[in-house]
Amino acid sequence: MLALTATGSVAFAYAPSVADLDAAARAVGNRRDIAQSIGRAIFRTQWPAEVNQVSANEMGGHLIVGIRIWGVKFHRPMTRSNFVDEIVSLRADIFSAAPDAEEIDFWAAVPIDVSKDEVVSGDLARPTSRTVFSLTVLRSEGVQALHERAMEESDGVFWDAQWARDAFRPVT
């Protein structure tokens, strides 16, 4: 829609991009502004494993970013190595968008079936998802070292064994 100002010039409405909308909808934390900035950077790409939440929290001058990824319904078939490649690529985009971030906590979750009568919010809530992968990345960690560390379940990396067997296609 166009509007005329008192001076006769034309003003144009701003239509936010899908990346802008996703960044606003999926940002959480006490530094939501930073989470949205990160979201705008990473939601320009359709990742094979969907990023569904970006958090940014600052405590005592330390900025920590959290990235939750859905561990189901990948946008294309993936191997375990493809999944780790996505983490490595996200790392670069996130640290570029948030230069003050010290670390990124990645985790992948899968939904848990709950019946329609179960409580899913409040003090008696039953979980609706479970973590199947987690990894903390420090800014100082190099890309090659990160890739090697993330491929194995060691040094603070968690892979749910059953999920890892079921979620990824075999390497051919």
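Me: Let's start with V119: where in the chain does it sit?
Reply: In this predicted model, V119 belongs to the loop between β6 (101-111) and β7.

Me: And why is V119 called partly exposed?
Reply: V119 has a relative accessible area of 43%. Buried would need under 20% and exposed over 50%, so at 43% V119 lands in between and gets called partly exposed.

Me: Which residues does V119 touch, if we skip those up to four places away in sequence?
Reply: Those would be L124, A125 and R126.

Me: What about E141, in the loop between β7 and α4: why does it count as buried?
Reply: The relative accessibility of E141 is 15%. The cut-off for buried is under 20%, so E141 makes it. With residues up to four places away left out, E141 touches R91, T136, L146 and R149.

Me: How do you know that H147 is buried?
Reply: Same sort of check: H147 comes in at 18%, and anything under 20% is buried, so the label holds. H147 is part of helix α4. Leaving aside residues up to four places away in sequence, its contacts are S81, V84, D85 and V88.

Me: Which other residues of α4 are buried, and what covers them?
Reply: Besides H147, the buried ones in α4 are L146, R149 and A150. The cover for the buried residues includes α3, β7 and β8.

Me: What makes α3 oblique to α4?
Reply: Helix α3 (residues 80-97) packs on α4 at an angle of about 140°, and the axes are 10 Å apart. An angle has to be over 145 degrees to count as roughly antiparallel, and roughly perpendicular stops at 115. About 140° fits neither, so α3 is oblique to α4. The crossing of α3 with α4 is right-handed.

Me: Which residues meet where α3 and α4 touch?
Reply: From α3 you have R80, S81, V84, D85, V88 and R91, and from α4 there are V143, L146, H147, A150 and M151.

Me: How do you know how that contact splits by class?
Reply: Sort the names: Val, Leu, Ala and Met are among the nonpolar types, whereas Asp and Arg are charged. Ser and His aren't in either list, so they go down as polar. That gives six nonpolar, two polar and three charged residues in the contact of α3 with α4.

Me: On to the sheet: what makes β3 and β8 edge strands?
Reply: The open sheet has six strands in the order β3-β4-β5-β6-β7-β8, with mixed pairing. β3 (27-28) and β8 (158-159) each pair on one side only. Helix α2 (residues 32-42) packs on this sheet and touches β3, β4 and β5, with its direction at about 145° to that of β4.

Me: How do you know that β4 and β5 pair?
Reply: The test is at least two bridges between the strands. Strand β4 (residues 51-59) and strand β5 (residues 62-70) have eight, in the antiparallel sense, so they pass. V51 stands opposite I69 in β5.

Me: Where does α4 lie relative to the strands?
Reply: Helix α4 (residues 143-151) lies across β7 (129-138) and β8, and runs at about 150° to β7.

Me: And how many helices and strands does the chain have?
Reply: Five helices and eight strands. Of its 172 residues, 37% count as buried.

Methods
Residues are numbered from 1 along each chain as its sequence is written. This is a predicted model: local features need pLDDT of at least 70, side-chain atom pairs count only at pLDDT 80 or more; totals for chains, interfaces and linings use all residues. Side-chain values use heavy atoms; hydrogens and water are left out. Helices (H or I, at least four residues) and strands (E, at least two) are DSSP runs, numbered from the N terminus. Contact means heavy atoms within 4.5 Å. Axes are lines fitted to C-alpha atoms, for helices over the stretch in contact, and angles run from 0 to 180 degrees between N-to-C directions. Angles under 35 degrees count as roughly parallel, over 145 as roughly antiparallel, 65 to 115 as roughly perpendicular and the rest as oblique. A crossing is left-handed if the near helix is turned anticlockwise from the far one by less than a right angle, and right-handed if clockwise. Buried means under 20% relative accessible area, exposed over 50%, partly exposed in between (1.4 Å probe, protein chains only).
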